[in-house]
Amino acid sequence: LCALRTLSSSDDVEDRETEKGRLEEAYEKCDRALDELIVQHYTELTTAIRTYQSITERITSSRNKIKQVKENLLSCKMLLHCKRDELRKLWIEGIEHKHVLNLLDEIENIKQVPQKLEQCMASKHYLKATDMLVSAVDSLEGSLLQVEGLSDLRLELHSKKMNLHLVLIDELHRHLYIKSTNRVGQRGKDRGRIGSLVKDASPVPLMDVTNLSTPRKFLETSQFSTPGSSSMRETSLLEMKEDTDLDPEENSNVFMGILIKGLAKLRKIPETVKAIQDRLEQELKQIVKRSTTQVADNDYQRGENISQENQPRLLLELLELLFDKFNAVAAAHSVVLGHLQQTVASPCSQYDGDIKLYDMVDVWVKIQDVLQMLLTEYLDMKNTRTASEPSAQLSYASSGREFAAFFARKKPQRPKNPLFKFESSSHAISMSAYLREQRRELYSRSGELQGGPDDNLIEGGGSKFVCKPGARNITIIFHPLLRFIQEIEYAMELGPAKQCPLREFLTMYIKNIFLNQVLAEINKEIEGVTKASDPLKILANADTMKILGVQRPLLQSTVIVEKTVQDLMNLMHDLSAYSDQFLNMVCVKLQEYKDTCTLAFRTIVQSDEKLVISASWAKDDDISRLLKSLPNWSNMAQPKQLRPKREEEEDFIRAAFGKESEVLIGNLGDKLIPQQEILRDVSDLKALANMHESLEWLAGRTKAAFSSLSATQS
């Protein structure tokens, strides 16, 4: 175009010719180059031309087919327009038939629900059963409401839905109070075997209750957990799935979460919370009952009989077992409470108003209430045990006939000893073992351990005890009880200024009841020997002397006082938090006994408010020093085994006493001794000697007792 424009615009012919020649030359050059390229690329060019030709033919064919389809569609449209009413009728009939088929399938599935539900309930896949039952009831009361043939099935499934939450709540309680404590029960058996050695073991070192360590519950968090419970708290309740191939109860925490989900689907969370609160105390009491029988059974298997031995150590074993079980129950409640909180706070929750849940403080309060009731019985706070024992003394209100009958000559009673017993026969032993095995199996299955006539328990006041109730039972359980109280206060997050009710109960009991009872017992025992007519002449019997390991005679009152001091020292060890009160009792009793001995001493050595002359000499330092320098005193001051052996021991003693008498008579001069100032009764001299020996022995024992105290108590 540019060349043509140039040629047309030029006026000079010569220029046009020149340009024409140049163009022709360029065309010839292009033809030659094109011919060369065609020769070089002949095959590719041929292939491209053929391909282009094929594509052109296909496009032409497709255009013809599209044109034909378009014509056919127009023809179909015209035909359908003519038969549209008939087609619409067929379409509607198809939808109806499809819906009927769906309803028939649904009816067939619902008819199988009772059987499937029974299988799920038997295998304890409660979430699947709940989903199945809820959906079936919704269908029966919704799309299938007008189906008259399903009325009986509707009533049956509706009844099961109304009662299913009761089954789920019972299962939840079984895991809360029985499954959670099963492993603790197994550990209790091992502890019971070790506990049988307590009575022979050395005394436990004194524990400083003011600086108790971290509670064991928080040192051993895995002690009461089930497999996988550590990850359970991180798992949301919505993410929990029920695996039908596994044992649903293998993981108790997951199982309780499944139960909560089922109860939420049934819209029974408020009823669940109320049931947990209402049954909490009763379930804890059942744990106490089962644990009591369990401790007795363990003791029976060890071959012991608590009704004969009456060992308070079994009470300690029972409380330790209860502490572990109550901790396990509290851990299970914390899991359930977490599930309930997630359920209520869930965005898809079906509850409009706020549901008031219980909290862990409520659980710990109930645990303390049950423990208080247990301690009230075992510590005999109502004096039911002592009041029921027959008194050895006659009442002043007895009639004369009863008095005469009491002192009347009675016919000797022949002891009613049985000729033989069957209890030790092989049949009785094997039968007893079989029954106990059955009871243990029942316990492991349902948690209920029924008592039988062969129970190794002590009856009293309608209850059964592992040991005889009494105030002194507090001594063996005090420190473990304090540890558990600290665990409770830690769990309840009480500050230093607040105390849990169980600590207040324990403090009230010891201060207001136990200390007064101990003091009354001590006063009664000491007064029984010190208020006698002549306490300085009542000696301890030979058996007591042998037990104490002493050679010289001791006053009965001194032995009783020393026993009282030792008892109070033991109480200082057992109830170390109240050492000051017991130490004050020791000091008061020793001071009172000293005053009693001083009064008895003055009764013997004092006449008309004046000491006898020998007592006056004993108070004189010079005379005392002179008497101690004589050979008689130095000989008697030595222990018998260290005294030098002499051939004529009698002559030596007679000479020594004679010399002593000469010195004393010489000290009198010509002065006469009034009769009332002479101790003529040898029994009085023996009484003074016994009192001297007894007080020396008491002082030594008291020193030894105080030297054994810990540094804090000293």
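Me: In this predicted model, which residue's side chain meets that of Glu171 in a salt bridge?
Reply: The model is predicted. A salt bridge here needs a side-chain nitrogen of Lys or Arg within 4 Å of a carboxyl oxygen of Asp or Glu. The N to O distance for the Glu171 pair is 2.9 Å, and the partner is Arg174.

Me: Why are Glu171 and Arg174 separated by about one helical turn, and in which helix?
Reply: The two residues are three apart in sequence within one helix, so about one helical turn separates them. That helix is H7.

Me: Is Arg174 buried or exposed?
Reply: Buried means under 20% relative accessible area. Its salt-bridge partner Glu171 has 10% and counts as buried. Arg174 has 17%, so Arg174 is also under the cut-off and counts as buried.

Me: Which residues are linked with Glu171 and Arg174 in a network of salt bridges?
Reply: Side chains of opposite charge can pair when their charged atoms come close. Glu171 and Arg174 form one salt bridge. The network that holds them also includes Lys124 and Glu249.

Me: How many residues apart in sequence are the parts tied together by Arg279 and Asp170?
Reply: Arg279 and Asp170 form a salt bridge, with the closest N and O atoms 2.9 Å apart. Arg279 lies in helix H11 (residues 269–301) and Asp170 in helix H7 (residues 151–195), so the pair ties together parts of the chain that are 109 residues apart.

Me: What is the relative accessibility of Asp170?
Reply: Partly exposed residues fall between the buried limit of 20% and the exposed limit of 50%. Arg279, the salt-bridge partner, is partly exposed at 27%. Asp170 counts as partly exposed too, at 43%.

Me: Which helices are tied together by the pair of Lys563 and Glu525?
Reply: The closest N and O atoms of Lys563 and Glu525 are 3.0 Å apart, in a salt bridge. Lys563 lies within residues 556–574 and Glu525 within residues 501–530, so the pair ties together parts that are 38 residues apart in sequence, namely helices H21 and H19.

Me: How many salt bridges does the count come to?
Reply: The pairs described above include Arg279 with Asp170 and Lys563 with Glu525. By the 4 Å rule, the count comes to 21.

Me: Which helix gives the largest share of the largest nonpolar core?
Reply: The largest nonpolar core has 120 residues, and Phe326 and Phe582 have the most contacts inside it. The largest share of this core is 17 residues, from residues 313–345, which form helix H13.

Me: Which residues does Phe326 touch, not counting those up to four places away in sequence?
Reply: Phe326 is one of the two residues with the most contacts inside the largest core. Contact means heavy atoms within 4.5 Å. On that basis Phe326 touches Leu284, Ile287, Val288, Ile367, Val370, Leu371 and Phe484.

Me: How far apart in space are Leu315 and Lys468, C-alpha to C-alpha?
Reply: Leu315 lies in helix H13 and counts as buried at 1% relative accessibility. Its contacts beyond four places in sequence include Val466 and Cys467. Leu315 and Lys468 are 153 residues apart in sequence, but their C-alpha distance is 9.4 Å.

Me: What is the angle between the ring planes of Phe478 and Tyr578?
Reply: The count comes to six aromatic pairs. Among them is Phe478 with Tyr578, 6.0 Å centre to centre. Planes over 60 degrees apart count as edge-to-face, and this pair is edge-to-face at 65°.

Me: Where is Tyr578, the partner of Phe478?
Reply: Phe478 is buried at 1% relative accessibility, and Tyr578 is buried at 8%. The pair links distant parts of the chain, 100 residues apart: Phe478 is in helix H18 (residues 474–491), and Tyr578 is in the loop between H21 and helix H22.

Me: Which helix gives the most to the nonpolar patch?
Reply: Leu34, Ile38, Tyr42, Leu45 and Ile49 make a nonpolar surface patch of about 480 Å². Helices H2 (13–40) and H3 (42–82) each supply at least two of its residues. With three residues, the helix that gives the most is H3.

Me: What is the phi of Asp380?
Reply: Asp380 lies in the loop between helix H14 (360–378) and helix H15 (384–388). Asp380 is buried, with a relative accessible area of 6%. Although Asp380 is not a glycine, its phi is positive, at about 55°.

Notes: Residues are numbered from 1 along each chain as its sequence is written. This is a predicted model: local features need pLDDT of at least 70, side-chain atom pairs count only at pLDDT 80 or more; totals for chains, interfaces and linings use all residues. Side-chain values use heavy atoms; hydrogens and water are left out. Patches are made of residues with over 30% relative accessible area and no salt bridge: like charges are joined within 9 Å, nonpolar side chains (Val, Leu, Ile, Met, Phe, Trp, Tyr) within 5 Å. Accessible areas come from the Shrake-Rupley method with a 1.4 Å probe; for residues, only the protein chains shown count as cover. Helices (H or I, at least four residues) and strands (E, at least two) are DSSP runs, numbered from the N terminus. A nonpolar core is a set of buried Ala, Val, Leu, Ile, Met, Phe, Trp, Tyr and Cys residues joined through side-chain atoms within 4.5 Å. Buried means under 20% relative accessible area, exposed over 50%, partly exposed in between (1.4 Å probe, protein chains only). Rings of Phe, Tyr and Trp (its six-membered ring) pair if their centres lie within 6.5 Å; planes under 30 degrees apart count as stacked, over 60 as edge-to-face and the rest as tilted.
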